[in-house]
Amino acid sequence: MKLIPNRRTSATTKTPPPKRGRPAARTITALAAGILLGMSGAQPAQPEPATPPPDGKLRIIAFGAHPDDCEYAVGGTAAKWAAKGHKVKFVSCTNGDIGHWGTAGGPLAQRRLTEVKRCATILGIAETEVLDIHDGELMVTMENRRTICRLIREWNADLVISHRPNDYHPDHRYVGVLVMDAAYMVTVPFFCPDTPHLTKNPIFLFCEDEFTKPNPFTPDVVVSIDDVIEKKLAAMDALESQFYEGGCNGGPQLVPDPKDASAVAGRKKQVRDEFSGIFAGPARRHRAALENAYGRAPAQQSRYAEAFEICEYGRRPDAEEIRKLFPFFPPKP
């Protein structure tokens, strides 16, 4: 895990804008030279493809907007993959430095980094990383597209998971767009040629949300997480700044006196009970999909689940491949 120290610049020096009108002669000459160079027949070196790891384990990378999103949306399924020895990485695309009502900047970013490191230990996942982009300031840029593309390639991903591009939070939306924009491009040799390209496009999945416009979420894959729900709830407990203290929309009224053990225990129980209800929602909403994956009797008994939608821009898995990618599904009768 890595986090480049948080930086904010108090002032910037700007180059005066060029005068409007005809471009300078040297600009035209440079442009012409670039075109001629491209037409000269010079061939850059052929980029090397990524080498698949020899261990035969699945490699999954999930992108969330903030240090808590992956844990909230994918934590249960990630714990199940990890328990079978598969390699899971979480990436927070911003550092979360304004996600609290009482503190911000570098100290908050470092605190949230510590929280997701603790979550990684609880869930058993291989790695977690927080990018040095300010909370609320993620944009769809070429630089960020390249960053996402490189991360997917470096992980040699079989599965890539992200937010959908329609969501209440701009950072969530733009993570979805950036990951979609990296789909397919991860296989293009001369895009980001400094990072070995993938020879097989991963499968891209979206996490569940409840937004319906312009299109509602489709539960293509639903995973029962009853056997790991305690790990996921423990991860939520570890994200104290966001849930125990209420994040950016909380306030001091939520946080009891730490000397009052009874009040602290009551607040922790309140948070845990709330998440227990939230994590039971997908199983209620997507019972038919659970039955298709597990059979009627086990699906009816399942209380907790996580759901995913297949992105059309990655590889399209059939039912057999889905069962290989989610090896905790029982064999199809």
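How many bridges join strand β1 to strand β4, and do the two run parallel or antiparallel? Keep that in mind as you look through these views of a predicted model.

**View 1. Strands β1 and β4, side by side.** Here you can find the answer: strand β1, residues 59–64, and strand β4, residues 159–162, are joined by 3 bridges and run parallel. To find a pair for yourself, start at Ala-62, whose bridge partner in β4 is Ile-161.

**View 2. The open sheet of 7 strands.** Step across the sheet and you meet the strands in the order β3-β2-β1-β4-β5-β7-β6, with mixed pairing. At the edges sit β3 (127–130) and β6 (221–224), each pairing on one side only. From one strand to the next, the twist averages 25 degrees.

**View 3. Helix α8 on the sheet.** Residues 287–294 form helix α8, which packs on the sheet and touches both β6 and β7 (305–310). Compare the directions of α8 and β6: they make an angle of about 75 degrees.

**View 4. The largest pocket and its centre.** This pocket has a volume of about 960 Å³. Its lining is made up of 37 residues, and those nearest the centre are Asp-68, Asp-69, Tyr-72, Tyr-168 and His-172.

**View 5. Who lines the largest pocket?** Look for α2 (69–83), α7 (261–285) and β7, since each of them supplies at least two residues of the lining. Helix α7 gives the largest share, with 7 residues. Sorted by character, the lining residues of this pocket are 13 nonpolar, 11 polar and 13 charged.

Definitions and conventions
Residues are numbered from 1 along each chain as its sequence is written. This is a predicted model: local features need pLDDT of at least 70, side-chain atom pairs count only at pLDDT 80 or more; totals for chains, interfaces and linings use all residues. Side-chain values use heavy atoms; hydrogens and water are left out. Two strands pair if DSSP finds at least two bridges between them. Helices (H or I, at least four residues) and strands (E, at least two) are DSSP runs, numbered from the N terminus. Axes are lines fitted to C-alpha atoms, for helices over the stretch in contact, and angles run from 0 to 180 degrees between N-to-C directions. Contact means heavy atoms within 4.5 Å. On a 1 Å grid over the protein atoms alone, a cavity is a set of points where a 1.4 Å probe fits but cannot get out, and a pocket is an open set with protein on both sides within 12 Å along at least five of seven lines; lining residues have an atom within 4 Å of a point. Grid points are joined across faces, edges and corners, and a volume is the space filled by probe spheres set on the points. Ala, Val, Leu, Ile, Met, Phe, Trp, Tyr, Cys and Pro count as nonpolar, Asp, Glu, Lys and Arg as charged, and the others, Gly among them, as polar.
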